[in-house]
Structure formats: structure tokens, C-alpha cells
Amino acid sequence: QVQLAESGGGLVQAGGSLRLACAASGRTFSGSVMGWFRQAPGKEREFVAAIRWSGGVTYYANSVKGRFTISRDNAKNTVYLQMNSLNSEDTAVYYCAAGADKGPDNTGSYYTIRWYNYWGRGTQVTVSS
């Protein structure tokens with residue numbers, strides 16, 4: 001059974017940094033794309049970043065490009081989201097998700113919620129101004 005467990009959320013001041021972790025278990029993830037999404041109060045869940053487990057190709061939402069970095073640790077079966085220069089608009093519950101890696105021809109799909117089959121429960125990130 002696939003399980004995704006997020007950690008690392010918390011309260012941080014504007015301009016600060018946090019690193020989120022997503023521990024994945026239940027199968028091998030070499031054929032997966034791993035994504036981070038977030039949902040702010042009263043808003044829809046939105047794409048943040050994704051990484052193809054094999055090869056490490058990354059994708060970012062424009063709103064976080066240059067500030068956030070997604071990475072993975074094969075040995076630990078863990079995906080990370082390093083978040084720098086945080087601002088109040090980054091306040092949200094952050095979710096880890098796993099979907100199938102169908103190669104570069106499906107890049108557009110990796111930005112969409114419906115592509116991902118497995119989801120974690122989320123971790124709260126609050127940025128104070």
C-alpha cells in the first residue's frame with residue numbers, strides 16, 4: 001500500500017525558509033513523478049512543483065520558480081521541497097502526491113491534480129508578515 005507522509009511544515013517569518021519532506025513507502029518509485037501541491041484557505045488546490053523520480057527532471061509553478069527547489073533522495077525514498085524567500089501568499093497546506101511517469105511527452109499532465117493517484121495528508125505552512 002502506497003503511503004506518503006509529509007513533514008517539515010510550521011510557522012516562519014516572511015523572508016524565511018522551510019524544507020518539507022515527503023517520505024514515500026509501499027513500492028518502488030523509480031517509475032513515478034512526485035509532486036507538491038498546496039491549498040490556501042478558500043482557494044483551490046494548486047500545483048507547486050514536481051520531479052520525475054528517474055532522471056530528476058523538475059517542473060515548477062511560475063509563482064515559486066527561483067525560490068523553491070524540489071529534489072529526491074533515492075536511498076531514503078524521500079522527496080524534498082526547499083522553500084526560500086517565503087511570503088504570506090505561500091501560506092497553505094502542502095500536499096505530496098505520486099503519479100505515473102509517462103515520459104517527457106506528458107509533461108503538461110504533471111502539473112495537474114488529476115494525474116496523481118496517491119496523496120499525503122498535508123502539512124501546514126504559515127508565513128507571518
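The following legends describe close-up views of a predicted model of one protein chain.

**Figure 1. Overall fold of the protein chain.** The predicted model contains 11 strands and 0 helices. Read along the sequence, the order of elements is β-β-β-β-β-β-β-β-β-β-β. The radius of gyration is 14 Å, close to the 14 Å that the globule rule gives for 129 residues, so the chain is as compact as a globular protein of that length. Along the principal axes, the C-alpha atoms fill a box of roughly 40 × 25 × 25 Å. Among contacts between residues at least 6 apart in sequence, 59% join residues at least 24 apart.

**Figure 2. Surface, burial and charge of the protein chain.** The chain exposes about 6500 Å², and carbon and sulfur atoms supply 44% of this area. Buried residues account for 43% of the 129 residues. The chain carries 13 positive and 8 negative charges, and the mean positions of these two sets are 4 Å apart.

**Figure 3. The largest nonpolar core.** This core has 38 residues, of which Leu4, Met34, Trp36, Leu81, Met83 and Tyr94 touch the most other members. Two or more residues each come from β3 (18–25), β4 (32–39), β5 (46–52), β6 (58–60), β7 (68–73), β8 (78–83), β9 (92–100) and β11 (123–128). In soluble globular proteins, nonpolar side chains tend to be buried together.

**Figure 4. Surroundings of Leu81.** Leu81 is one of the core residues that touch the most other members. Beyond residues up to four places away in sequence, Leu81 touches Leu18, Arg19 and Leu20, together with Trp36, Val48, Ala49, Phe68, Thr69, Ile70 and Tyr94. Two of these partners, Trp36 and Tyr94, are also listed with Leu81 among the core residues touching the most other members.

**Figure 5. Leu20 in strand β3.** Leu20 is placed in strand β3 and counts as buried, with a relative accessibility of 0%. When neighbours within four places in sequence are left aside, its contacts include Ser7, Gly8 and Gly9. Other contacts of Leu20 are Trp36, Val79, Tyr80, Leu81, Met83, Tyr94, Thr123 and Val125. Leu86 lies 66 residues from Leu20 in sequence, and the two C-alpha atoms are 13 Å apart in space.

**Figure 6. Ala50 in strand β5.** Ala50 belongs to strand β5 and is buried at 0% relative accessibility. Not counting residues up to four places away in sequence, Ala50 touches Val33, Met34 and Gly35, as well as Val57, Thr58 and Tyr59. Ile70, Tyr110 and Tyr116 are also touched by Ala50. Phe37 is 13 residues from Ala50 in sequence, with a C-alpha to C-alpha separation of 8.8 Å.

**Figure 7. Gly16 in the loop between β2 and β3.** Gly16 lies in the loop that joins β2 (10–13) to β3. With a relative accessibility of 17%, Gly16 counts as buried, because the cut-off for burial is under 20% relative accessible area. Apart from neighbours within four places in sequence, Gly16 is in contact with Met83, Asn84, Ser85 and Leu86. Gly16 and Val127 are 111 residues apart in sequence, yet their C-alpha atoms are 8.4 Å apart in space.

**Figure 8. Val127 in strand β11.** Val127 is part of strand β11 and is buried at 6% relative accessibility. Leaving out residues up to four places away in sequence, Val127 touches Val12, Gln13 and Ala14. Val127 also touches Leu86, Asn87, Ser88, Asp90 and Thr91. Thr91 is 36 residues from Val127 along the chain, and their C-alpha atoms are separated by 5.5 Å.

**Figure 9. Loop residues with positive phi.** Most residues other than glycine have a negative phi. Asn77, in the loop between β7 and β8, has a positive phi of about 50° although it is not a glycine. Ser85, in the loop between β8 and β9, likewise has a positive phi of about 50° without being a glycine. Ser85 is partly exposed, with a relative accessible area of 42%, and is one of the residues in contact with Gly16.

Definitions and conventions:
Residues are numbered from 1 along each chain as its sequence is written. This is a predicted model: local features need pLDDT of at least 70, side-chain atom pairs count only at pLDDT 80 or more; totals for chains, interfaces and linings use all residues. Side-chain values use heavy atoms; hydrogens and water are left out. A nonpolar core is a set of buried Ala, Val, Leu, Ile, Met, Phe, Trp, Tyr and Cys residues joined through side-chain atoms within 4.5 Å. Buried means under 20% relative accessible area, exposed over 50%, partly exposed in between (1.4 Å probe, protein chains only). Helices (H or I, at least four residues) and strands (E, at least two) are DSSP runs, numbered from the N terminus. Contact means heavy atoms within 4.5 Å. The radius of gyration is taken over C-alpha atoms; the globule rule is 2.2 Å times the number of residues to the power 0.38. Accessible areas come from the Shrake-Rupley method with a 1.4 Å probe; for residues, only the protein chains shown count as cover. Lys and Arg count as positive and Asp and Glu as negative; His and the chain ends are not counted. The place of a charge is taken as NZ of Lys, CZ of Arg, CG of Asp or CD of Glu.
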